[in-house]
Amino acid sequence: MPNWGGGAKCGACEKTVYHAEEIQCNGRSFHKSCFLCMACRKALDSTTVAAHESEIYCKTCYGRKYGPKGVGFGQGAGCLSTDTGDHLGLNLQQGSPKPARPSTPTNTSKFAKKVVDVDKCPRCGKSVYAAEKIMGGGKPWHKSCFRCAICGKSLESTNVTDKDGELYCKVCYAKNFGPKGIGFGGLTQVEKKE
């Protein structure tokens with residue numbers, strides 16, 4: 001029988017989906033406004049959708065409903081194990097929930113808040129914050145301190161080498177710590193013994 005309505009039927013509302021408003025997932029068509037998680041009704045896109053047979057979910061609800069269960073699994077990505085999913089219509093409770101631990105320290109004095117474990121730059125000894133951090137040799141460095149210890153050349157991930165906690169460009173490293181002889185370390189002659 002011919003499809004006189006013009007397009008495929010929406011997998012959620014069963015109404016006709018025209019090409020301009022169509023999203024396809026798992027071989028089915030949806031209106032953009034109907035492409036929602038079946039549990040929490042959150043809007044989905046190609047990076048957040050998880051399909052199970054004819055149902056579509058956000059990755060969080062999919063993990064709660066179909067992911068591994070038990071101690072240590074957390075019932076899906078980004079979910080606390082105490083989340084039962086009851087508010088989403090998901091029956092996931094398997095035993096008594098464990099009380100959630102506080103995520104913030106109990107000592108909230110203004111002096112305690114200022115004491116933060118901040119990394120120190122090996123070159124200058126000052127604090128390195130996330131906005132200015134570059135990792136090299138397994139340590140955090142300031143961008144301005146991320147230089148060769150011998151020639152002072154600015155380093156990048158492609159030309160950095162480390163030895164004994166210090167950074168070097170590949171040229172200085174080869175000259176000072178590399179093999180010696182003809183063709184190595186800048187030597188061009190070999191002295192002959194007579």
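Two strands are counted as paired if DSSP finds at least two bridges between them. In this predicted model, strand β5 (residues 49-52) and strand β6 (residues 55-58) satisfy that criterion, for 4 bridges join them. The two strands run antiparallel, and Val49 stands opposite Cys58 in β6. Between the strands of this hairpin lie 2 residues, and Glu53 adopts a positive phi near 55 degrees.

The hairpin belongs to a chain with 3 helices and 12 strands. Of the 194 residues in the chain, 26% are buried. The area that the chain exposes is about 14200 Å², and carbon and sulfur atoms supply 53% of that area. When contacts between residues at least 6 apart in sequence are considered, 16% of them join residues at least 24 apart.

The confidence of the prediction should be read alongside these features. The mean pLDDT of the chain is 74, and 65% of its residues reach 70 or more. Among the elements of the chain, strand β12 (residues 166-169) has the highest mean pLDDT, at 90, whereas helix α2 (residues 110-114) has the lowest, at 50.

Two segments call for separate mention. Over residues 74-80, pLDDT stays under 50, and the model has 16 contacts beyond four places in sequence for this segment. Over residues 93-99, pLDDT likewise stays under 50, and here the model has 4 contacts beyond four places in sequence.

Key. Residues numbered from 1 in each chain as written. Predicted model: local features only at pLDDT ≥ 70, side-chain atom pairs only at ≥ 80, totals over all residues. Heavy atoms only, no water. Buried < 20%, exposed > 50% of the residue type's maximum accessible area, 1.4 Å probe, protein only. Contact = heavy atoms within 4.5 Å. Areas by Shrake-Rupley, 256 points an atom, 1.4 Å probe, with all protein chains shown as cover. pLDDT = per-residue confidence, 0-100.
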